[in-house]
Amino acid sequence: MDMEKKNLALTIMEPGRMALVPQEIPVPKEDEVLIEVHYVAVCGSDVKLYAGTYTAPHSYPVVMGHEWLGTIRQKGSEVKLPVGLTVVGDCSLYCGECYYCGVNKNHCETIEKKGITVDGGAANFIVVKERHVNACPSSDHPMLLTLTEPMSVAVNGIRNRVPDDVLKRTRRALILGCGGIGLMSLFTLLDAGIPEIVMVDVLADKVSRVQGFGFPQVRAECCNTQEISEERIGTFDLIVEATGHGESLQQSLTVINPCGHLVCLGHQAPMEFDFGTVIKKSLTIHASNGSTGGFPKAMEQILTYSPYVEQMIMEVVPLSECEHLFERKELFASAIKVLIDMSK
């Protein structure tokens with residue numbers, strides 16, 4: 001590889017300030033690979049880190065990006081993956097040895113979050129431990145696989161948490177939110193064979209996007225939290241919360257059937273919750289935090305639903321134009337996904 005190539009890292013220096021910082025091209029250790037990064041997807045957490053409103057553990061300055069796709073250019077002596085392989089990477093940097101790594105690697109006792117607590121993927125070249133990369137299948141749509149990490153959030157929360165027999169007997173499912181994770185949840189439920197799916201959101205443009213997909217078993221409605229009622233949208237055996245709003249999560253209890261299953265992917269703030277209804281209806285709550293554990297299935301779903309996943313990418317921005325990217329508030333008010341082209 002030409003080691004004279006540039007290595008610019010898109011770095012959130014502090015809230016409200018981002019810069020392209022030149023770095024040396026790193027040399028991989030025995031268990032690491034050197035990745036040339038091709039694309040990075042922007043996540044809502046990146047926007048919050050820039051704004052200074054991110055509430056989970058984080059650090060500044062930090063190279064942003066935990067949704068990335070690249071190619072292995074060099075490898076350490078212990079690495080089995082071949083040079084030239086296209087890969088995507090975990091956000092959760094787990095140790096692979098502690099108790100929780102045997103249960104759910106997203107809760108590793110020494111967890112670090114790429115692009116959040118440690119430097120992420122928005123650099124031309126990065127080094128990553130082999131255990132934190134996932135080989136991509138050959139595809140006519142390699143750029144779409146940049147969205148593997150967010151798709152894996154839905155896969156991990158739904159397919160890895162909800163028992164298969166529950167999914168098989170689910171008659172109707174409700175997804176709260178038509179944003180990125182809501183759409184990823186839609187593809188996951190479609191892949192699971194759910195016969196009827198309803199999606200709700202307060203934003204008409206997001207609802208229209210789902211309606212435009214044309215899935216016969218999917219209905220999307222524009223309604224607010226107070227309008228989530230049996231009279232308006234019916235009742236459901238499975239509900240996926242992908243809005244991050246506690247009010248929607250609370251209101252969903254009015255339309256979930258007895259013995260129903262509630263999957264919580266978005267809301268993380270403290271809230272009051274009607275556990276009386278949870279008990280009366282014999283409900284099961286599945287909470288999920290993180291994407292590690294669902295990458296192979298996530299990539300499979302992206303390729304299966306590629307025409308629809310492609311519609312989620314609203315803009316591809318050259319790296320050279322990204323220092324003021326988050327000042328484009330109108331873009332992030334409506335966009336599902338924005339990608340950064342690391343080659344330009």
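The exchange below goes through a few local features of this predicted model.

Colleague: Which residues does the cis peptide bond join, and what is omega?
Modeller: Pro61 sits in the loop between α1 (44-51) and β4 (62-63). The cis bond joins this proline to Tyr60. Omega there is about -15 degrees.

Colleague: Is Val63 buried or exposed?
Modeller: Val63 is found in strand β4. Its relative accessibility is 3%, and the cut-off for a buried residue is under 20%. Val63 therefore counts as buried.

Colleague: How many residues apart in sequence are Val63 and Gly115?
Modeller: Val63 touches Gly115, and also Val118, Asp119 and Gly120, among others. From C-alpha to C-alpha, Val63 and Gly115 are 5.8 Å apart in space. In sequence, their separation is 52 residues.

Colleague: Where is Cys259, and is the residue buried or exposed?
Modeller: Cys259 has a phi near 65 degrees, a positive value in a residue other than glycine. Its place is in strand β15 (residues 256-264). The relative accessible area is 54%, and the cut-off for exposed is over 50%, so Cys259 is exposed.

Colleague: What is the relative accessible area of Ser282?
Modeller: Ser282 lies in the loop between α8 (275-280) and β16 (284-287). Phi of Ser282 is also positive, near 55 degrees, in a residue other than glycine. Ser282 is classed as partly exposed, a class that lies between the buried and exposed cut-offs of 20% and 50%. The relative accessible area of Ser282 is 46%.

How values were computed
Residues numbered from 1 in each chain as written. Predicted model: local features only at pLDDT ≥ 70, side-chain atom pairs only at ≥ 80, totals over all residues. Heavy atoms only, no water. Helix = DSSP H or I, 4+ residues; strand = E, 2+ residues; numbered from the N terminus. Buried < 20%, exposed > 50% of the residue type's maximum accessible area, 1.4 Å probe, protein only. Contact = heavy atoms within 4.5 Å. Lists of a residue's contacts leave out its neighbours within four places in sequence.
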